[in-house]
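I opened this notebook to record what I looked up in one structure. The entries follow the order of my reading.

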Amino acid sequence: LTRAGYGVVNQFRAHGIGRTFHAAPFIQHGKGRRGEGLLLKPGMFFTVEPMANEGAVATKTLKDGWTVVTKDGKLSAQFEH
């Protein structure tokens, strides 16, 4: 995505799915190298929530405490799966 001029937002993380809504492990998007970080094991359940911005990666959270928009006003896409 970055090669195409999009910003990958690293401020938010994927999360585990367990007995609570947002559970460990917390996995940062867009960073990391093969062989580093958390070792994924069979039986682990977690979300993958990439967020890509048309421009810069800077975001702001609105007063509702949930909605996130880009600071530069450009388009953004986020998908949880």
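In which strand does Asn53 lie? I worked with a predicted model, and in it I found Asn53 in strand β4, which covers residues 51–53.

**Entry 1: Asn53 and its surroundings**

I next asked whether Asn53 is buried or exposed. Its relative accessible area is 0%, and because buried means under 20%, I entered Asn53 as buried.

I then looked up the polar partners of this side chain. The side chain of Asn53 reaches the backbone oxygen of Ala56 at 2.9 Å. With the side chain of Ser76, the Asn53 side chain makes a polar contact at 2.6 Å.

I also listed what Asn53 touches, leaving out residues up to four places away in sequence. Ser76 appears here again, together with Tyr6, Gly7, Val9, Ala58, Thr59, Thr70 and Leu75.

**Entry 2: Strands β2 and β3**

How do strand β2 and strand β3 pair, in the parallel or the antiparallel sense? I noted that β2 (residues 13–16) and β3 (residues 23–28) pair in the antiparallel sense, over 4 bridges. The two strands form a hairpin, with 6 residues between them. To fix one position in this pairing, I looked up Ala14 and found Ile27 of β3 opposite this residue.

**Entry 3: A nonpolar patch**

Which residues make the nonpolar surface patch? I recorded Leu38, Leu40 and Met44, with an area of about 260 Å². Leu38 is placed in the loop between β3 and β4. Its relative accessible area is 47%, so I entered Leu38 as partly exposed.

Methods. Residues numbered from 1 in each chain as written. Predicted model: local features only at pLDDT ≥ 70, side-chain atom pairs only at ≥ 80, totals over all residues. Heavy atoms only, no water. Buried < 20%, exposed > 50% of the residue type's maximum accessible area, 1.4 Å probe, protein only. Polar contact = N/O pair within 3.5 Å; in protein donor to acceptor, adjacent residues only side chain to side chain. Contact = heavy atoms within 4.5 Å. Pairing = 2+ DSSP bridges. Patch = residues over 30% accessible without salt bridge, like charges linked within 9 Å, V, L, I, M, F, W, Y side chains within 5 Å. Areas by Shrake-Rupley, 256 points an atom, 1.4 Å probe, with all protein chains shown as cover. Salt bridge = Lys/Arg side-chain N within 4 Å of Asp/Glu carboxyl O.
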